[in-house]
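Thanks for coming. I will take a few minutes to walk through one structure, and you can follow along on the screen.

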Amino acid sequence: FGSSGDKNTICSPAPRGPLDSNMGMKYVAAYLMAALAGKESPSADDIKAILDSVDSEYDESIASKLVSELEGKVVHEVVKAGKEKLKGFGGGGGGGAPAAGGGGGGAAPAAEKKEEKKVVEEEEEEEMEFDLFG
């Protein structure tokens with residue numbers, strides 16, 4: 001948490017002790033949920049209420065540490081700064097862009113076959129009389 005001197009740092013690069021290594025994302029998520037619900041500066045009690053609502057374990061020291069680290073900061077600005085830092089990592093889940101078509105229409109029959117196979121599989125699944133609750 002914020003050891004680099006950057007006011008917008010939420011997480012340190014490496015855990016410094018038992019408090020940091022045990023902090024789960026659930027505390028950050030609960031803090032953000034409270035902020036999205038309209039709390040400008042969520043408190044440890046707000047985090048507790050959210051975690052209690054889903055029967056999750058709660059550690060006052062972790063919640064208090066998070067709240068103190070974010071005290072005086074605008075959560076939307078902290079998130080924005082974090083997103084800027086992540087831009088350099090690249091990645092994403094989409095994979096590469098499709099290759100440019102050169103032959104014109106060569107891929108269409110293959111796509112039709114795949115679609116046809118998918119429909120056949122769905123029909124086979126429907127024929128199975130499986131009752132999840134029976």
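I will start with the whole protein, then take some helices one at a time, and end with a few single residues.

Keep in mind that what you see is a predicted model. The protein has six helices and zero strands. Reading along the sequence, the pattern is α-α-α-α-α-α. There are 134 residues in the protein, and 21% of them count as buried. The accessible surface is about 10,300 Å², and carbon and sulfur atoms account for 55% of that. Now consider the contacts between residues at least 6 apart in sequence: 52% of these join residues at least 24 apart.

Next, helix α5, which is residues 75-86. Let us check its length. With 12 residues at 1.5 Å a residue, α5 should span 16 Å, and its end C-alpha atoms are 17 Å apart, which agrees.

Which residues of α5 are buried? They are Val 75, Val 78 and Ala 81. If you look down the axis of α5, its buried residues fall within an arc of 125°, so they line one face of the helix. The general background is that an α-helix has 3.6 residues a turn, so residues three or four places apart point the same way. On the face of α5 turned away from the buried side, you find the exposed residues His 76, Lys 80 and Lys 83. As for what covers the buried residues of α5, that includes α2, residues 25-36, and α4, residues 60-70.

Helix α3 can be read in the same manner. Its buried residues are Ala 44, Asp 46, Ile 47, Ile 50 and Leu 51. These cover an arc of only 160° around the axis, which puts them on the same side of α3. What do the buried residues of α3 pack against? They pack against α2 and α4. The face of α3 turned away from the buried side carries the exposed residues Asp 45 and Ser 53.

One of the buried residues in that list is Asp 46, so let me stay with that residue, because a relative accessible area of 17% is under the 20% cut-off for buried. The side chain of Asp 46 reaches the backbone nitrogen of Ser 43 at 2.8 Å. Leaving aside neighbours within four places in sequence, Asp 46 is in contact with Ala 34 and Lys 39.

What about Ser 43, at the other end of that polar contact? Ser 43 is in the loop between α2 and α3. With a relative accessible area of 26%, Ser 43 is partly exposed. Ser 43 and Ala 63 are 20 residues apart in sequence, while their C-alpha atoms are 8.2 Å apart in space.

Now for aromatic rings. How many aromatic pairs are there? The count comes to one. The pair is formed by Tyr 27 and Tyr 58, and it is tilted, with 6.3 Å centre to centre and 40° between the planes. Tyr 27 lies in helix α2 and Tyr 58 in the loop between α3 and α4, so the pair ties together parts that are 31 residues apart in sequence. Are the two tyrosines buried or exposed? Tyr 27 counts as buried, at 4% relative accessibility. Tyr 58 counts as partly exposed, at 21%.

Two more residues before I stop. Ser 61 is found in helix α4. At 39% relative accessibility, Ser 61 counts as partly exposed. A polar contact of 2.6 Å joins the side chain of Ser 61 to that of Asp 59. Ser 61 is also 17 residues from Ala 44 in sequence and 8.9 Å from Ala 44 in space, C-alpha to C-alpha.

The last residue is Asp 55, in the loop between α3 and α4. Asp 55 comes just after α3. Asp 55 has a positive phi of about 55°, although it is not a glycine. With a relative accessible area of 75%, Asp 55 is exposed.

To recap the two helices: the buried residues of α5 line one face, and those of α3 sit on the same side of their helix. That is where I will leave it.

Notes. Residues numbered from 1 in each chain as written. Predicted model: local features only at pLDDT ≥ 70, side-chain atom pairs only at ≥ 80, totals over all residues. Heavy atoms only, no water. Helix = DSSP H or I, 4+ residues; strand = E, 2+ residues; numbered from the N terminus. Buried < 20%, exposed > 50% of the residue type's maximum accessible area, 1.4 Å probe, protein only. Contact = heavy atoms within 4.5 Å. Areas by Shrake-Rupley, 256 points an atom, 1.4 Å probe, with all protein chains shown as cover. Expected span 1.5 Å × (residues − 1). Arc of directions from axis to C-beta. Phe/Tyr/Trp six-rings, centres within 6.5 Å; stacked < 30°, edge-to-face > 60°. Polar contact = N/O pair within 3.5 Å; in protein donor to acceptor, adjacent residues only side chain to side chain.
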